[in-house]
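I wanted to go through this one helix by helix and jot down what I found. Here is the structure I had open.

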Amino acid sequence: MARLQPLPPETTPELKEHFDFFLGTLGFTPNSVLTMQRKPKLARALAVLNAAVMDPEGEVDLGFRRLIGHVVSKVSGCLYCQAHTLLGARNFGISEAKLADVWSYASSPHYSERERLALDFALAAASQPNAVTDQQFEQLKQHWSEGEVVEILGVVAMFAFLNRWNDTLATPLEAVPDELAQQTLGGQGWDAGKHRA
């Protein structure tokens, strides 16, 4: 049960352009943003940060950036963000096989060594306390440029915020990401839990 209900998008018309950004990436305006619109400056700031972190002109594949967000959300336990990042990854070209293996990426033949290093880094960076070691960072830099490392860490940091926001508010999960997550990871134990609308 949501602790704060999402407001209709028309509640804050000046946020329409920011809501439209999410329509282009997910196909709907997330309930997290519809709840956040109670503080329009916060919703604007998130939209600007999201646009920068998920910049289509970035170096790291857009779908893979969403997988990074998924792994970070798994560490935090945010089921809402796990479902959203699966949908985003699929929308940006990640294969069904790769989506299904995201929780076992370390041993999956669908993930390259380079991708595994990035996801290991994301897991360590999302852990509390932070578990990134100098050795791990040096190994990451052998496979990813400094610009790519900054993009990867940008995803980790943004989802740290979103995971806290959505898990605390028990944001109700929309039907499309819920259905995809159930279909893709339900057999591995994923369930919307308190985010069930």
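My notes on a few helices and single residues follow.

**Entry 1: ground rule.** I am working from a predicted model, so I read everything below as computed from that model.

**Entry 2: H4 against H5.** I started with helix H4, residues 62–76, and helix H5, residues 79–91. Their axes are 8 Å apart and the packing angle is about 165°. Anything over 145 degrees counts as roughly antiparallel, so that is how I logged H4 relative to H5. I also noted that the two helices cross in a left-handed way.

Which residues make the contact? From H4 I listed Gly63, Arg66, Leu67, Gly69, His70, Ser73 and Lys74. From H5 I wrote down Cys81, Gln82, Thr85, Leu86, Gly88 and Ala89. Sorted by class, the contact has seven polar, four nonpolar and two charged residues.

**Entry 3: Thr85.** I picked Thr85 out of H5 for a look of its own. Buried or exposed? Its relative accessibility is 2%, so I put Thr85 down as buried. Skipping residues up to four places away in sequence, I found Thr85 touching Arg66, Gly69, His70 and Phe159.

**Entry 4: Arg65.** Back to H4, where Arg65 sits. I checked how accessible Arg65 is and got 0% relative accessibility, so this arginine counts as buried. What is Arg65 in contact with, once neighbours within four places in sequence are set aside? I have Val53, Met54, Asp55, Gly58, Glu59 and Val60 on the list, along with Glu151 and Val155.

**Entry 5: H10 and its two sides.** Next I looked up helix H10, residues 175–185. Its buried residues are Pro177, Asp178, Leu180, Ala181, Thr184 and Leu185. Looking down the axis of H10, I see them fall within an arc of 165°, so they line one face of the helix. On the other side of H10 I found Ala175, Glu179 and Gln183 exposed.

What do the buried residues of H10 pack against? I noted H4 and H5, the pair from Entry 2, plus helix H6 (96–100).

**Entry 6: Val48.** Last, I went to helix H3, residues 40–53, to find Val48. Val48 has a relative accessible area of 53%. The cut-off for exposed is over 50%, so Val48 goes down as exposed. I also took a C-alpha distance from Val48 to Phe21: 9.6 Å, with their positions 27 residues apart along the chain.

Conventions
Residues are numbered from 1 along each chain as its sequence is written. This is a predicted model: local features need pLDDT of at least 70, side-chain atom pairs count only at pLDDT 80 or more; totals for chains, interfaces and linings use all residues. Side-chain values use heavy atoms; hydrogens and water are left out. Helices (H or I, at least four residues) and strands (E, at least two) are DSSP runs, numbered from the N terminus. Buried means under 20% relative accessible area, exposed over 50%, partly exposed in between (1.4 Å probe, protein chains only). Contact means heavy atoms within 4.5 Å. Axes are lines fitted to C-alpha atoms, for helices over the stretch in contact, and angles run from 0 to 180 degrees between N-to-C directions. Angles under 35 degrees count as roughly parallel, over 145 as roughly antiparallel, 65 to 115 as roughly perpendicular and the rest as oblique. A crossing is left-handed if the near helix is turned anticlockwise from the far one by less than a right angle, and right-handed if clockwise. Ala, Val, Leu, Ile, Met, Phe, Trp, Tyr, Cys and Pro count as nonpolar, Asp, Glu, Lys and Arg as charged, and the others, Gly among them, as polar. The arc is that of the directions from the helix axis to the C-beta atoms.
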